[in-house]
Amino acid sequence: MSLRLLDAVSGRPLGQAFTDRSGYAQLEASSPHEVRLSIPYLGYNQAAQPPGERFTIRLSPQRLPS
C-alpha cells in the first residue's frame with residue numbers, strides 16, 4: 001500500500017513508501033512545517049506529530065474498496 005508524507009502548509013510531497021507484506025513501511029522527511037501522512041487508498045490523512053521523532057500509526061482493519 002502506498003504511503004506519502006506531505007508538507008501540511010504547501011502540500012508538497014516529502015516522501016513516499018510502500019508497505020511490505022507485513023504492512024510495515026518507513027518514511028523519513030525534513031520540513032520546517034507540520035507533516036501529514038496520507039494513505040490515499042484508504043482515504044487516510046492525518047498530522048504526523050511530533051516533528052523530528054519516530055511514531056507508529058496503527059490502523060484498525062477496514063473493509064477495502066473493491
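Reader: Let's start with Ser31: does this residue count as buried or exposed?
Author: Ser31 comes out at 19% relative accessibility, and buried means under 20% relative accessible area, exposed over 50%, and partly exposed in between (1.4 Å probe, protein chains only). Bear in mind that this is a predicted model: local features need pLDDT (the predictor's confidence in each residue, from 0 to 100) of at least 70, side-chain atom pairs count only at pLDDT 80 or more, and totals for chains, interfaces and linings use all residues. Residues are numbered from 1 along each chain as its sequence is written, and side-chain values use heavy atoms, with hydrogens and water left out. At that 19%, Ser31 counts as buried.

Reader: Which side chain makes a polar contact with the side chain of Ser31?
Author: Ser31 sits in the loop between S2 and S3, and a polar atom of its side chain lies 3.1 Å from the backbone nitrogen of His33. A polar contact is a pair of N or O atoms within 3.5 Å; within protein, one must be able to donate a hydrogen and the other to accept it, and residues adjacent in sequence count only if both atoms are side-chain atoms. At 2.9 Å, the side-chain partner of Ser31 is Asp7.

Reader: Leaving aside neighbours within four places in sequence, what else is Ser31 in contact with, besides Asp7?
Author: Contact here means heavy atoms within 4.5 Å. With neighbours within four places in sequence left aside, Ser31 is in contact with Asp7 and one other residue, Leu14.

Reader: And where is Leu14 found?
Author: Leu14 is buried, because its relative accessible area is 19%. Its contacts beyond four places in sequence include Leu5, Ala29 and Val35, and its C-alpha atom is 7.6 Å from that of Ser30, 16 residues along the chain. Helices (H or I, at least four residues) and strands (E, at least two) are DSSP runs, numbered from the N terminus, and Leu14 is found in strand S2.

Reader: Which strand gives the largest share of the largest nonpolar core?
Author: A nonpolar core is a set of buried Ala, Val, Leu, Ile, Met, Phe, Trp, Tyr and Cys residues joined through side-chain atoms within 4.5 Å. The largest one here has seven members: Leu3, Leu5, Leu14, Val35, Leu37, Ile39 and Tyr44. Strands S1 (2-7) and S3 each supply at least two residues of this core, but the largest share, three residues, comes from S3.

Reader: OK, so which residue of S4 is the bridge partner of Ile39?
Author: Two strands pair if DSSP finds at least two bridges between them. S3 (residues 35-39) and S4 (residues 44-48) do this in the antiparallel sense over five bridges. They form a hairpin with four residues between them, where Gly43 in the turn has a positive phi of about 70°. In S4, the partner of Ile39 is Tyr44.

Reader: Which side chain meets Arg36 in a salt bridge?
Author: A salt bridge is a side-chain nitrogen of Lys or Arg within 4 Å of a carboxyl oxygen of Asp or Glu, and a search of the whole structure finds one. Arg36 is partly exposed because its relative accessibility is 24%. At 3.7 Å, N to O, the side chain that Arg36 meets is Glu34.

Reader: Last one: which strand has the highest confidence?
Author: The chain has zero helices and four strands, and its mean pLDDT is 81, with 80% of residues reaching 70 or more. Confidence is lowest in S4, at a mean of 84, and the highest, at 92, belongs to strand S2.
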